Amino acid sequence: MAKMWAGRTSGATDSLADDFNSSIHFDYRMYREDITGSMAHAAMLGKQGIITADEAEKLIAGLSDILADIDEGKLEFDMSCEDIHMFIEQVLTERLGDIGKKLHTARSRNDQVALDLRMYLRNEVDEILSLLRELVEIVCNRAEEHKATIVPGYTHLQRAQPITFGHHLMAYAMMFLRDIDRFLDCKKRINVSPIGSCALAGTTYETDRIFEAEKLGFDNIAMNSIDGVSDRDFCLDFMAAVSTLMMHLSRLSEEIILWSSWEFKFIELSDAYTTGSSIMPQKKNSDMAELIRGKTGRVYGDLLALLTTLKGLPLAYNKDMQEDKESVFDAVDTVKMALPVMSGMLKTMTVLKDNMKAAAQKGFINATDMADYLVKKGMPFRSAYKISGQLVAECISRGCVLETLPLEVYKEKSDLFGDDIYEVIDLEVCVNKRISLGGTCVASVEKQIEFVRNSL
């Protein structure tokens with residue numbers, strides 16, 4: 001097949017080099033953006049009198065027919081074409097003759113591919129935001145359900161202080177809220193039109209780039225034609241946002257894996273989001289959470305791959321930049337799979353409240369409140385700290401918890417202890433005394449949920 005760019009050369013390339021050079025096997029997914037962008041370009045050419053109004057109408061109608069045929073499965077992609085742009089132009093020319101050849105006036109594949117990729121990512125960001133908002137709403141719903149459920153809070157993976165499970169979940173809601181902000185900010189830089197930059201220097205035709213950009217829903221245009229074709233910062237911004245989101249999903253996945261283990265047994269995942277073992281019938285594996293955790297690494301790799309590709313490129317366009325799309329597409333596909341899986345896991349998991357509370361009691365995480373009790377009665381903190389530690393050791397030797405340790409044992413350590421110590425170290429009381437804004441008390445968790453929902 002003759003190449004569209006044959007002229008200066010014969011256009012003949014070795015078959016292996018042809019395959020190596022071709023991108024249609026992955027950039028075909030941008031066919032809708034390519035056709036839509038071409039329709040706007042044809043409209044602009046007609047408006048400016050670069051082609052006739054009749055020719056513009058025929059081009060737009062022909063492109064519309066191609067789009068419908070692809071959508072309906074009547075037209076298959078020709079994988080012998082170099083890229084999606086050449087495929088669309090080839091089909092258009094077969095159908096319209098010489099009129100089809102006029103479509104590429106006043107543009108290059110350099111600005112065309114940049115346009116397609118920006119339009120593609122703009123749409124994908126909207127889909128990711130929709131999935132992300134759904135996840136945040138599920139997190140808020142589960143947090144509201146468990147705003148008073150006691151669970152140990154951890155530092156260094158050691159039981160530290162009592163919190164509510166709702167408070168813990170809302171920490172992730174805050175992370176995901178920041179992710180939403182990152183994608184919205186990223187979208188601002190995606191939504192800049194490069195079309196009209198042509199190969200790198202602009203064009204001799206009197207085009208209307210602003211008309212074309214507005215027709216395609218862009219906020220503004222690239223103000224430097226070299227930058228217009230060579231900029232892939234928006235891809236890096238997007239993949240950095242995806243990488244941060246995947247990191248948050250991975251941290252939550254790790255906790256889900258821990259919580260669902262027999263050693264914790266704080267939650268039980270639905271059978272719909274677990275697998276079994278081929279030889280151990282008792283196993284219920286949190287494979288979906290493990291896969292989210294594992295796939296985070298591939299998204300990091302996508303980002304690093306593109307950073308490495310771009311780091312030594314001179315201006316303007318270089319064929320290396322063809323490597324941007326597979327990294328971007330993989331990041332898109334991965335995060336769009338991970339988000340609904342996480343939403344489903346959280347929505348259907350069973351929270352084992354009694355196990356959570358028992359773990360909180362056995363962790364002696366109310367010891368700080370006991371020390372504060374003595375301090376408020378006049379004892380120096382270091383002395384109170386030492387006595388509290390001694391009483392924890394006493395509980396361990398007796399096989400009990402602070403709430404069930406006899407009062408006489410407390411009084412052996414200090415006469416400052418009275419009957420009111422049991423109310424002070426009650427876990428519900430400990431939690432609800434944390435009244436500072438953003439803290440773990442029920443009222444604070446309710447305010448956090450309200451804040452996140454209002455932000456959405």
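This report looks at salt bridges and one nonpolar surface patch in the structure shown above.

The model is predicted, and the values discussed here were computed from its atoms. In total, the structure holds 33 salt bridges, and three of these pairs are set out in the table, with the distance between the closest N and O atoms in each.

| Residue pair | N to O distance |
|---|---|
| Arginine 32 and aspartate 71 | 2.6 Å |
| Lysine 336 and glutamate 124 | 2.8 Å |
| Aspartate 185 and arginine 189 | 2.8 Å |

**Pairs that link distant parts of the chain**

Arginine 32 and aspartate 71 are joined by a salt bridge whose closest N and O atoms are 2.6 Å apart. This pair links distant parts of the chain, since arginine 32 belongs to helix H3 (residues 31–47) and aspartate 71 to helix H4 (residues 53–71), with their positions 39 residues apart in the numbering. Arginine 32 has a relative accessibility of 37% and therefore counts as partly exposed, and aspartate 71, with a relative accessible area of 39%, is partly exposed as well.

Lysine 336 and glutamate 124 form a salt bridge too, with 2.8 Å between the closest N and O atoms. Here the partners are 212 residues apart, lysine 336 lying in helix H13 (residues 324–348) and glutamate 124 in helix H7 (residues 109–145), and the pair again connects distant parts of the chain. Is each partner buried or partly exposed? Lysine 336 is partly exposed, because its relative accessible area is 23%, whereas glutamate 124 is buried, because its relative accessible area is 8% and the cut-off for buried is under 20%.

**A pair within one helix**

Aspartate 185 and arginine 189 both lie in helix H8 (residues 165–190), where they are 4 residues apart, which is about one turn of the helix. Their side chains meet in a salt bridge of 2.8 Å, taken from N to O. Aspartate 185 is partly exposed at a relative accessible area of 32%, and arginine 189 also counts as partly exposed, with a relative accessibility of 40%.

**A network and a nonpolar patch**

Salt bridges can also be joined into a network, as they are among Glu82, Asp83, Arg109 and Lys319.

Turning to nonpolar residues, Leu200, Ile226 and Leu315 make a surface patch of about 280 Å². One of its members, leucine 315, is placed in the loop between helix H12 (287–310) and H13. Leucine 315 counts as exposed because its relative accessibility is 68%, and the cut-off for exposed is over 50%.

Technical notes: Residues numbered from 1 in each chain as written. Predicted model: local features only at pLDDT ≥ 70, side-chain atom pairs only at ≥ 80, totals over all residues. Heavy atoms only, no water. Salt bridge = Lys/Arg side-chain N within 4 Å of Asp/Glu carboxyl O. Helix = DSSP H or I, 4+ residues; strand = E, 2+ residues; numbered from the N terminus. Buried < 20%, exposed > 50% of the residue type's maximum accessible area, 1.4 Å probe, protein only. Patch = residues over 30% accessible without salt bridge, like charges linked within 9 Å, V, L, I, M, F, W, Y side chains within 5 Å. Areas by Shrake-Rupley, 256 points an atom, 1.4 Å probe, with all protein chains shown as cover.
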